[in-house]
Amino acid sequence: MTQKIEFDKTFKYKILVIDDEKRIRDVTHRMLTNEGFEVALAETGDIGMKMIDEKHYDIILLDLMMPGISGLDLLPHLKAHHPYTVVIVITGYATLEHSIEAMKKGAFDFISKPFSPQDLRMVIAKAIKFIRTLQDIADEKSRMRVLINQLSDGVMATDIQKKIALVNPAFLKMLDCFGQEISGQSVSDIIQNKKIENMIDKVLSMPTEKFSILNEELDIGDNILSVRCIPFRDRLNRNLGTITVTHDITALKKMDQLKSDFVSMVAHEIRSPLNSVGMQLQVILDELAGDVTEKQREILNRASKKIKTLGNLSTELLDLAKIESGLISQEKETFDIKKFLQEQVAFFKEAAQAKDIHLELDELPEIPPLFANKSNMEEVFSNLISNSINYTPKGGKITIFAAKNKGYLHIMVSDTGLGIPKEDLERIFDRFYRVKNDKTRYITGTGLGLPIVKSIIEAHNGKIKVESELDKGSAFNIYLPYL
Ligand code: ADP
C-alpha cells in the first residue's frame with residue numbers, strides 16, 4: 001500500500017519543470033497542479049535559464065540530458081545565482097554517474113525515469129521539508145540579528161580562535177571602534193582592548209567542568225563599562241567560543257559619585273555645629289554657667305545624648321561615603337592579628353563589664369600575620385564588638401575566635417544575644433536597615449555599622465557571613481584572603 005503524502009501547504013510553492021520530453025512535462029504538470037503547486041514548464045535548458053533569471057522558483061525539476069544547455073550546464077549557474085532554489089535532477093536509468101556529478105554540483109536529490117506519481121510526491125515532499133528547515137534557520141538568524149542589533153547593551157560573540165562571529169553596533173560604539181566587514185576578523189585587530197582580550201583568553205581556557213562569568217569594569221575614555229564574558233559551549237560542554245556583553249554604567253557611577261559627594265558634604269557641614277552645641281551643653285552641665293537644677297540636668301543629659309547620636313551618624317555617613325567613593329585608605333601593613341584582637345578585646349572590656357557581659361578571646365592557633373589596612377580593621381571590629389555588646393542582654397557572653405582557613409583568615413565574633421530574625425538576615429547589611437521589634441526598640445543606632453563593615457571587607461577582597469538564631473545569639477564570620 002502506498003503511503004499518503006501530505007504536503008506542507010503554508011505557501012504555494014513554485015515549481016519549474018525543465019525537460020525536453022513532453023510526456024514528462026505533462027505528467028508532472030498535471031500531478032503537481034492537482035497537489036496545489038504553481039507549476040511552470042520549460043522545454044529546453046535555454047528557456048529554463050531565462051525563466052529562472054526572471055522569477056524565483058522554490059523547486060526545479062531538471063532533466064540532465066537535453067540538447068542545447070543541458071541540466072549539468074545549468075547547475076553551476078543555479079548554485080551561483082539562485083542558492084535558495086532546490087534542484088531535483090531527472091535522470092535516465094543509465095546515468096548514475098551523471099546523477100552523482102549533479103549532486104556534486106549542488107543538486108539536492110535525483111529521480112530516475114520512468115518514475116511513478118508516488119516517487120515524484122516523495123522527492124517533492126523531501127525538498128519542501130528541506131526548504132522549510134532552511135527557511136526556519138534563516139528566520140531564526142534574522143530574528144536574532146534584528147534583536148541583537150536593537151539591544152542597547154553591547155554584544156560580541158567570538159569563536160575559539162578569537163575571531164569575531166557576531167558583534168552589534170552598540171558594542172562597537174561603546175569600545176570606540178567602527179568597522180565595516182568585521183565578521184571573521186580577529187578581536188585583537190578590531191577591539192584593541194587588552195582587558196577584554198584577557199577576559200576572552202581566560203574564558204577560553206576555562207576547563208569544561210567549570211563555568212563562570214567574568215565581570216570587570218572598564219574605563220573607555222570618559223565612559224565606564226561593566227563587561228561580562230562567558231564561555232559559549234556545545235552539548236558536550238566543549239568551548240566553542242565566547243560571548244561578551246557590555247553595559248554602559250557611566251551615568252550610574254556619576255549619580256553614585258554625586259550622591260556620595262552630597263552625603264559627605266551634608267555630614268561634614270553638620271558635624272562642626274553639632275560638636276559646638278555638644279560642647280556648650282557640657283559647659284552648662286559642668287555648671288560653668290551657673291547652677292543647674294536636677295530637672296534641668298535630666299533634660300540637658302537627654303539632649304546631649306541625642307547630639308552624640310547625631311554626631312555618630314554624621315561620622316558614619318562620612319566613613320561610608322569615603323569607602324564607597326573608592327577613597328578607602330589603601331595603605332596596607334603587615335600586623336600580628338592575635339595582638340590586634342587582644343587590643344580590641346581590652347578596649348571593649350569596660351563597656352562589656354558595664355552590662356555584665358563576659359567578653360573573651362578564644363585560645364588561638366598559630367596564625368600568620370595579616371596584610372591589611374589596620375585602621376579599617378579597627379573600624380570593622382569596633383562595629384562588630386559594639387554591636388554584640390548592644391544586642392546582648394545582661395549576663396551574656398561574647399567570644400572572638402580566629403584561625404587560618406583554606407588560604408583565608410577566618411575571624412568570628414559570636415554572642416549569646418538577641419539574635420536576628422530570619423527575614424531580616426539578608427537586609428542587615430543594607431544602609432540604614434535596623435531590625436525593629438520590642439527588644440531592639442530602645443537600642444540606639446544608625447543602621448550604618450554593618451554596611452561599613454561589609455564595604456571594608458569587600459574592599460579587601462574578603463567576605464562576611466552571618467549566622468543567627470533568634471533569642472540564642474549571632475555569629476559574624478569574616479574571611480580575609482592572605483596574599
Ligand atoms: P546599628 O547597630 O547602628 O543599628 P548596624 O548596621 O551595625 O546598625 O546593624 C544593623 C542591624 O543589625 C541592627 O540594628 C541590629 O538589629 C542587627 N544586628 C547587628 N549586629 C547584631 C548582633 N550582634 N545581634 C543581634 N542583632 C544585630
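**Figure 1. Strand 15 and strand 17 pair in the antiparallel sense.** Eight bridges connect strand 15 (residues 408-415) with strand 17; two strands count as paired if DSSP finds at least two bridges between them. Strands (E, at least two residues) and helices (H or I, at least four) are DSSP runs, numbered from the N terminus. Tyr 408 has Pro 481 of strand 17 as its bridge partner. The model shown is predicted: local features need pLDDT of at least 70, side-chain atom pairs count only at pLDDT 80 or more, and totals for chains, interfaces and linings use all residues. Residues are numbered from 1 along each chain as its sequence is written, and side-chain values use heavy atoms, with hydrogens and water left out.

**Figure 2. Strand 16 and strand 17 form a hairpin.** Strand 16 (residues 463-469) runs antiparallel to strand 17 (residues 473-481), and seven bridges join the two. Lys 463 is bridged to Tyr 479, and Glu 469 to Gly 473. Three residues lie between the strands of this hairpin, in which Asp 471 adopts a positive phi near 65°. Seven of the nine residues of strand 17 are buried, so the strand is mostly covered (buried means under 20% relative accessible area, exposed over 50%, and partly exposed in between, with a 1.4 Å probe and protein chains only).

**Figure 3. Five strands form an open parallel sheet.** The order of the strands is 2-1-3-4-5. Strand 2 (38-42) and strand 5 (109-112) occupy the edges; each has a single partner strand, so one side of each lacks a neighbour in the sheet. On average, neighbouring strands are turned by 20° against each other, direction ignored; the axes are lines fitted to C-alpha atoms, and angles run from 0 to 180 degrees between N-to-C directions. Strand 3 (residues 59-63) and strand 4 (residues 86-91) run parallel and are joined by five bridges. Ile 59 stands opposite Val 86 of strand 4.

**Figure 4. A cis peptide bond lies between Lys 113 and Pro 114.** The omega of this bond is near -10°. Pro 114 is placed in the loop between strand 5 and helix 5. Helix 5 (residues 117-150) has 34 residues and reaches 49 Å from its first C-alpha to its last, close to the 50 Å expected at 1.5 Å a residue; the expected span is 1.5 Å times one less than the number of residues. Among the buried residues of helix 5 are Leu 120, Val 123, Ile 131 and Ile 148.

**Figure 5. The ligand is surrounded by 19 residues.** Asn 387, Asp 415, Arg 434, Thr 446 and Leu 450 come nearest, where a residue is near a molecule if one of its heavy atoms lies within 4 Å of it. A ligand oxygen atom is 2.5 Å from an N or O atom in the side chain of Arg 434. For the side chain of Tyr 391, the corresponding distance from a ligand oxygen atom to an N or O atom is 2.9 Å. A polar backbone atom of Gly 449 is 3.3 Å from an oxygen atom of the ligand. The protein covers 96% of the 530 Å² of accessible area that the ligand has on its own, as computed by the Shrake-Rupley method with a 1.4 Å probe.

**Figure 6. Asn 237 has a positive phi although it is not a glycine.** Its phi is about 70°. Asn 237 lies in the loop between strand 9 (223-233) and strand 10 (239-248), and its relative accessibility of 35% makes it partly exposed.

Definitions and conventions. A polar contact is a pair of N or O atoms within 3.5 Å; within protein, one must be able to donate a hydrogen and the other to accept it, and residues adjacent in sequence count only if both atoms are side-chain atoms.
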